[in-house]
Amino acid sequence: MKKAASKLSSWPTLDPEDWPSLRAQAHVMLDDMLDHLEHVRSRPVWQPIPDAVRKSAREPSPRDATALENVYRDFKGTILPYATGNTHPGFMGWVHGGGTPVGMLAEMLAAGLNANLGGRDHMPIEIEREIASWAREWFGFPESASGLFVTGTSMANLMAVLIARQDALGERVRSGGLVQSGCQLCAYTSVSAHGCIARALDFAGIGSDALRLIPTDTLGRMDVAALDAAIRDDRKAGHLPFLVVGTIGAVDTGAIDNLAVLSRICRKEELWFHIDGAFGALAAWSEQLKPRLAGIEQADSIGFDFHKWGQVPYDAGFLLVRDGEKHRATFAAPAAYLRRESRGLAAGSPWPTDYGPDLSRGFRALKTWFTLKTYGTDKLGRMIEQSCMLARHLEARVRAEPELELLSPAQLNIVCFRYRCEDADRVNAEIVADLHEKGRVAPSTTTIGGKLAIRACFINHRTEPADADTLLREVLEIGALRTKVAELYAEPRRAAVGS
Ligand SMILES: Cc1ncc(COP(=O)(O)O)c(C=O)c1O
């Protein structure tokens, strides 16, 4: 006997009148997307959006219905070909994960459930709690530690600043604000830390000026003697040091701070020790790399992203806090309409909303759970080692080319270099834009020691040594061409000036 359909009457809903035709369309969409991923290498990494396509996204708000197959046709024609390109093996810019077909399927299941993980008593929240318990294991945190999915490490870092702020000033800061404390809080991180830490200080009302940017040593790690001195100076000036942020995997160079020493300083000075491990923390999955994270187990909190080296589709950031009660006390707020019960759907307290600013929360945990279970952390760890190998391969090739200047060696998975020529900042920026438009490889740029650098960051599990070789070959080709053109232009100008 066929099970009862969900409709009891002709009452209008948004569900299809004709389920079989929706099912057929759904299968087309799923097959197309799997084809897209299977053949990702056959397309450009990225391509510029034609004007007509860009304009097509400026339609009036749709008041009338359009058939799903037509909306999908628009998606295929105007959105799919013009995405960021981070699923492509040639993507080496910024810090973008490649995602997996498994993660994509899990996203579909999560959307089907449409669960809200702000609270209440249901299994999706148990999956988020299970991942928090796995994270405690990876990083050697105690049972009492709490964990929460967030958008990304920028949000995790902001939340850590808020928890540290309350740890320093007491719960009164939540109602009375900073003004009642009457003191200037100070935080410390290295000059090579990610900009979201300064923004977190700004958003927390402490002010980004209160973030002391400590110089780094030759390996790009925070200079601990300079950190000690900065804390001493601030105490002498009557300020209140409260937080040190160490980094695993600095965004420009992949540098890893000396976490064990930072944690000792924090314990001695009674400061909160937060680690920004946006991409680097998951190196804990690799037996080979894990020793480099020694000291991580001493942190008060860690922010990291599953959507980077974890290869989970965007977005899937995470915050882990050693003292779960301090975490809860920073965010929890009672409300009559969120009353907790000991049974029924309103049970299950504390709820995830008690640990962060969001009440409505998607099921980020599901795509993470599928990814972790389907591949296992050993294999994911080997993918991480593989991206570090690619960086070492590229570094060796850069060192062997006299036309190239190595600006930052492969400490982890990032290499910065540039083409040697006159006006090198401008030319290297042009080279990178040319590479993007050619569509074979897409690195990004940064500045190292005042020099504009081509930055290759290997995160995508699909990238192979041949892709790193393509980057090198194309930089040399474009660099030579651009230098020749510049010389040809300079020649008549020199002649004209001389005459
Ligand atoms: C070291 C570091 N910290 C923080 C962030 C910010 O992470 P998200 O983009 O997930 O907010 C990044 C992003 O690349 C990063 O590399």
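The following legends describe close-up views of a predicted model, covering the surroundings of its ligand and its nonpolar cores.

**View 1. The shell of residues around the ligand.** The ligand is surrounded by 14 residues. Thr 153, Ser 154, Asp 276, Asp 305 and Lys 308 are the closest of these. By character, the shell comprises five nonpolar, six polar and three charged residues.

**View 2. Polar side-chain atoms at the ligand.** Asp 276 places a polar side-chain atom 2.7 Å from a nitrogen atom of the ligand. For Asp 305, a polar side-chain atom lies 2.6 Å from an oxygen atom of the ligand, and for His 307 the distance from such an atom to an oxygen atom of the ligand is 3.2 Å. The ligand taken alone exposes 390 Å², of which the protein buries 85%.

**View 3. The largest nonpolar core.** This core contains 65 residues. Those with the most contacts inside the core are Trp 138, Phe 139, Leu 227, Ile 302, Phe 304, Phe 306 and Phe 318. Helix H5, spanning residues 123-139, supplies the largest share of the core, with seven residues. In soluble globular proteins, nonpolar side chains tend to be buried together.

**View 4. The contacts of Phe 318.** Neighbours within four places in sequence are left aside here. Phe 318 is in contact with Ile 131, Ala 132 and Ala 135, with Gly 147, Leu 148, Phe 149 and Val 150, and with Ala 156. The contacts of Phe 318 also include Ile 302, Gly 303, Phe 304 and Phe 306.

**View 5. Another nonpolar core.** Apart from the largest core lies another, of 31 residues. Met 159, Leu 162, Ala 187 and Leu 201 are among its members.

Note on methods
Residues are numbered from 1 along each chain as its sequence is written. This is a predicted model: local features need pLDDT of at least 70, side-chain atom pairs count only at pLDDT 80 or more; totals for chains, interfaces and linings use all residues. Side-chain values use heavy atoms; hydrogens and water are left out. A residue is near a molecule or strand if one of its heavy atoms lies within 4 Å of it. A polar contact is a pair of N or O atoms within 3.5 Å; within protein, one must be able to donate a hydrogen and the other to accept it, and residues adjacent in sequence count only if both atoms are side-chain atoms. Accessible areas come from the Shrake-Rupley method with a 1.4 Å probe; for residues, only the protein chains shown count as cover. Ala, Val, Leu, Ile, Met, Phe, Trp, Tyr, Cys and Pro count as nonpolar, Asp, Glu, Lys and Arg as charged, and the others, Gly among them, as polar. A nonpolar core is a set of buried Ala, Val, Leu, Ile, Met, Phe, Trp, Tyr and Cys residues joined through side-chain atoms within 4.5 Å. Buried means under 20% relative accessible area, exposed over 50%, partly exposed in between (1.4 Å probe, protein chains only). Helices (H or I, at least four residues) and strands (E, at least two) are DSSP runs, numbered from the N terminus. Contact means heavy atoms within 4.5 Å.
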